[in-house]
Amino acid sequence: MTDAIAFLRDWLARTEASDWLLVALSPVFLAVVALEAWRWRGHGRYHWRDSLDSLNLGGVYTLVDVLLVIALVLPAMEWVAARQLTHIAITPLSFAALYLGVEFCYYWFHRASHRIRWFWCAHVVHHGSEHMNFTTAMRQSWLYPVAGNWLFYLPMVWIGFEPRWVLFALSCNLAYQFFVHTQWVGKLHPLVEFFFNTPSHHRAHHGRNPRYIDRNYGGTLIVFDRLFGTFVEETESPDYGLVRPVHSHNPVWLTVHEWVTMGRDMLRPGPLAMRLKHLWAPPEWERPQPSWDNRPHAPERPHRPHDATRP
């Protein structure tokens, strides 16, 4: 018991106030959830079991993420920091540049999380809810650091920003994103909709309608989606959730189900290269199936007319 307390004290001593931003904002997030739930009571926009799943996943994620950041992510970032091109001091202007850089990195992390199955295995948790409300923002995977989401932010460390400032900018970005997970807010002023990720843009992102799949990856801004051709306007009502829904309330299964499915796909017989491709191919990719009508050992032959006397 004494050793455990000593370990916890040592671990806490390695953290800084900025590491706890999302934890510190939790009361604000919960208050906003309560307001929204009261506003939409009786409208079917909240389902208590679904919201409880999201809150459970989010609560564990918030604490586990701090633990893994201190134990895994910061040491890796500090290794890169020791090899920085230069050192950039934080001023209001340089922080704005850092935030824009983190937003750019987030766009590519988010895009990769939809188009590369390894990263999708973690990100799929966030898209599991068939409801769109503020609790959906809290539905996060405990395994993001293990999947390697932090790798996308290493360039910001390498060019000269301190690791903790990079993580703080990312935390600010994620805090902003909490407020776009809602149906409470309609479309905003056209200038806001043009530059920023808004509830309207993010509702489309969570839709499984064919026109919405793999669109609107921005965190705070929507400009990179417009630049790289992944933007879509919210026009039809989004149908929220996964194309292949997971009907479970077990938080562990909700966290690992896609990892298990990917592992099963890789274990199926076949060439090693094709089995490994499940790691980096898009989530919908499937191995080509052999054609049983034209097997390699039975090549196609010209059709022979049927002779009734010689069956």
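A cavity is a set of grid points where a 1.4 Å probe fits but cannot get out. In this predicted model, 1 cavity of 30 Å³ or more is found. The largest cavity has a volume of about 60 Å³, and its walls are formed by L57, V124, V125, G128, R139, L242, V246, L254 and H257. Sorted by class, this lining comprises 6 nonpolar, 2 polar and 1 charged residues.

Open spaces come next. Rolling a probe the size of a water molecule over the atoms reveals where empty space remains. The largest pocket holds about 870 Å³ of space. Its lining is built from 42 residues, and those nearest the centre are L22, Y61, T62, Q140 and L174. Two or more lining residues come from each of the helices α2 (21–24), α3 (26–39), α4 (48–81), α5, α7 (134–138), α8 (144–147), α10 and α12 (199–205). Of these, α4 makes the biggest contribution to the lining of the largest pocket, giving 11 residues. The chemical character of this lining can be read from its classes: 25 residues are nonpolar, 15 are polar and 2 are charged.

The second largest pocket contains about 510 Å³ of space. It is lined by 22 residues, with W120, L242, V243, R244 and P283 closest to its centre. A reader following the cavity will recognise L242 here, as this residue also lines the largest cavity. At least two lining residues of the second largest pocket are supplied by α5, and at least two by α14 (251–267). The most come from α14, which gives 4. In this lining, 8 residues are nonpolar, 8 are polar and 6 are charged.

Helices α5 and α10, both contributors to the lining of the largest pocket, also meet each other directly. Two packed helices are described by the angle between their axes and the distance between the axes. For α5 (residues 92–115) and α10 (residues 163–178), the axes come within 9 Å and cross at roughly 65°. Angles of 65 to 115 degrees count as roughly perpendicular, which is why α5 is described as roughly perpendicular to α10. The crossing of the two helices is right-handed.

On the α5 side, the contact is made by F95, L98, Y99, V102, E103 and Y106, while α10 brings in W165, V166, F168, A169, L170, C172, N173, L174, Y176 and Q177. The contact between α5 and α10 includes 13 nonpolar, 2 polar and 1 charged residues. One of the α10 residues in this contact, L174, is also among the residues nearest the centre of the largest pocket.

Definitions and conventions
Residues numbered from 1 in each chain as written. Predicted model: local features only at pLDDT ≥ 70, side-chain atom pairs only at ≥ 80, totals over all residues. Heavy atoms only, no water. Axes fitted to C-alpha atoms, helices over the stretch in contact; angles between N-to-C directions. Parallel < 35°, antiparallel > 145°, perpendicular 65-115°, else oblique. Left-handed = near helix turned anticlockwise from the far one by under 90°. Contact = heavy atoms within 4.5 Å. Nonpolar A, V, L, I, M, F, W, Y, C, P; charged D, E, K, R; others polar. 1 Å grid on protein atoms, 1.4 Å probe; cavity = no way out; pocket = protein on both sides within 12 Å on 5 of 7 lines; lining within 4 Å. Points joined across faces, edges and corners; volume = space filled by probe spheres on them.
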